Amino acid sequence: LDVLIVGAGLSGIGAASYLTRELPRKSFAILEARGDLGGTWDLFRYPGIRSDSDLFTFGFEFKPWRSRKAIADAPDILAYLREAAAECGADRKIRYHHKIIRADWDSRAALWTVTAHRADVGAETTIRARWLFCATGYYDYDSGYSPPFRGAEDFRGTLIHPQHWPAGFDHPGKKIAVIGSGATAVTLVPALAATAAHVTQIQRTPTYVMALPSRDALADLFRRLMPEARAHAAARKASVLRQRWFWLLCQKSPKLAGRLIRWNNRRALPKDYPVDVHFNPPYDPWDQRLCVVPDGDLFKAIRRGSASIVTGAIDRLTDGGVRMASGEEIAADAIVTATGLQIKLFGGADIFVDGSRVEPAERLVFKGMMLDGVPNFVFAVGYTNSSWTLKIGLLCRYFCRLLTLMDEEGRGVCFAERPSGDMAARPLLAFGAGYVKRALDMLPRQGDRAPWEMTFNYIEDAKMLTRGLSKDPAVSFSRAPAKVAESRSERSPQ
């Protein structure tokens, strides 16, 4: 294969779509460990799961988002991904139940040999490819993060982690405690509160939460005035600018931004509600990801009295619920531990270059997509301060242009070369989320200057990833071995 894509989620389907559109002669396949495409949007089945970014930017630039909902539920997002995969033919190139175990680069052959376990037949298989594109995201699909809770063995009810939501769990009429303060928790609480007897969100510390309309009035206007493709492009650009403006406000005037967010909260909550207790985090906005609640559904549930929030430390779980360090007892028939994710790079595969193991923590990231010294290897990590897919689109387009350049100049091997001399290394993700902090020692590092910085600025990244392709001194090329070049010239169109 010319390209082997690992992962059939948002990033993998995006990579396949760009390859099909821009380089139709390239052969590729997608390895997917699970039995269906969709990644996150097929894996998570908890009530209410939805995007926390608008779909004009969370969707692909080449495929308009047609739903009137700008913030969408998982089934709608999954349907969109299925359509995108079918339109480019990627759905016919996915090899399901293929979990990547190991990838070996051989410089003499200029090829990757990838070993995957096939769960459907209980055996291993190998695939050879010129490029390896890891589109697995960065978290562990097998297990979420569950901190130990004292007394968990005493609890008589149902204990659930959202990543493994039990099929058919009957929650109507039950008292439910949701432990957590992030996006999963603020999604679950209003969804469960619609039919549960009562839902209590228990958080150690608050999170910044913003109510936004589920429909985008500006996007609706564009749709009335323009053809579909132009309306989608205009809505996408407007959303990019809106996201960037708000993020910059949070960076440059965090106190003002915090006051604006709490003002938004006070307007949506009952009079005299203790906003400064439950919605006043001890950090600045966007030091951790800000949570969005479409149409203020969390606040509506609190106003109705079907949901409440308790802020403080947990002492232990009891046979009937949760006891706080303050002594408060929270009765629960079920406890949901929305306590976060665990990071796992490259789908858990071991990466080797000419027999030497690649330790990601010892590598610098080039343009947010390659590891220094690892040939013909790309990985996809999106933005944490705006829509994930914005970055994926940029790096996929860069990747396609890179392959075109290499074909034109007869080059078969490409890698980023770390500059000589000292370069200060920093954590890859400058982000205060717990799942990131727990994994800092296993993540690659970023440098202190371009193109070795992991930037989170779409506008600047768009400039960086659309210029300097062939003359970047950090990129080294070499010709493919004669047999590889010969096989490329003889290959029929795919």
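The following exchange between a biologist and a modeller concerns a predicted model.

Biologist: Which helix gives the most to the largest nonpolar core?

Modeller: The largest nonpolar core has 142 residues, and those with the most contacts inside it are Ile5, Trp131, Phe133, Phe279 and Phe377. The helix that gives the most to this core spans residues 388-408 and supplies 12 residues, and that helix is α11.

Biologist: Which residues does Phe133 touch, leaving aside those up to four places away in sequence?

Modeller: Phe133 belongs to the residues with the most contacts inside the largest nonpolar core. With residues up to four places away in sequence not counted, Phe133 touches Val3, Leu4, Ile5, Val6, Ala15, Val378, Ala380, Leu395, Cys396 and Phe399.

Biologist: How many residues does the second, separate core have?

Modeller: Beside the largest nonpolar core, with its 142 residues, there is a second core that is separate and includes Ile71, Ala257, Tyr283 and Val292. The number of residues in this second core is 13.

Biologist: Is strand β9 largely enclosed by the rest of the structure or largely open, and how many of its residues are buried?

Modeller: Strand β9 covers residues 175-179, and a residue counts as buried when its relative accessible area is under 20%. The strand is largely enclosed by the rest of the structure, because the buried residues among its five number four.

Biologist: Which strands pair with β9, and in what sense?

Modeller: Strand β10 (residues 198-203) pairs with β9 over five bridges, and in β10 the bridge partner of Lys175 is His198. Strand β17 (residues 334-337) pairs with β9 over four bridges, and there Ile179 stands opposite Thr337. The pairing partners are thus β10, in the parallel sense, and β17, also in the parallel sense.

Biologist: What is the handedness of the β-α-β crossover from β9 to β10?

Modeller: Strands β9 and β10 pair in the parallel sense, and the chain passes from β9 to β10 through helix α5, residues 183-193. The handedness of this crossover is right-handed.

Biologist: Which element supplies the largest share of the lining of the second largest pocket?

Modeller: The second largest pocket has a volume of about 630 Å³, and of the 23 residues that line it, the closest to its centre are Asp54, Leu212, Arg242, Gln243 and Val292. Strand β11 (209-212) and helix α7 (228-252) each supply at least two residues of the lining. The largest share, six residues, comes from α7.

Biologist: Which are the edge strands of the open sheet that contains β4 and β5?

Modeller: Five strands form this open sheet in the order β6-β5-β4-β18-β19, with mixed pairing. Within the sheet, β4 (residues 98-106) and β5 (residues 111-118) run antiparallel and are joined by eight bridges, and the bridge partner of Asp106 in β5 is Leu111. The strands that each pair on one side only, and so by name the edge strands, are β6 (123-129) and β19 (356-357).

Biologist: Which two residues are joined by a cis peptide bond?

Modeller: Most peptide bonds are trans. Here, one residue of the cis pair is Pro451, found in the loop between β25 (445-446) and α13 (458-464). With omega about 0°, the bond joins Ala450 and Pro451.

Biologist: Is His97 buried, partly exposed or exposed, and what is the relative accessible area of Lys367?

Modeller: Most residues other than glycine have a negative phi. His97, in the loop between β3 (94-96) and β4, has a positive phi of about 60°, and Lys367, in the loop between β20 (365-366) and β21 (370-371), has a positive phi of about 50°. His97 is partly exposed, with a relative accessible area of 31%, whereas Lys367 is buried, with a relative accessible area of 2%.

Biologist: Is Pro206 buried or exposed, and what is its relative accessibility?

Modeller: Pro206 lies in the loop between β10 and β11. Not counting residues up to four places away in sequence, Pro206 touches Val277, His278, Phe279, Asn280, Pro281, Pro282, Tyr283 and Thr311. Since a residue under 20% relative accessible area is buried, Pro206 counts as buried, with a relative accessibility of 7%.

Note on methods
Residues numbered from 1 in each chain as written. Predicted model: local features only at pLDDT ≥ 70, side-chain atom pairs only at ≥ 80, totals over all residues. Heavy atoms only, no water. Core = buried A, V, L, I, M, F, W, Y, C linked by side-chain atoms within 4.5 Å. Buried < 20%, exposed > 50% of the residue type's maximum accessible area, 1.4 Å probe, protein only. Contact = heavy atoms within 4.5 Å. Pairing = 2+ DSSP bridges. Right-handed = clockwise from strand over helix to strand, strands pointing away. 1 Å grid on protein atoms, 1.4 Å probe; cavity = no way out; pocket = protein on both sides within 12 Å on 5 of 7 lines; lining within 4 Å. Points joined across faces, edges and corners; volume = space filled by probe spheres on them.
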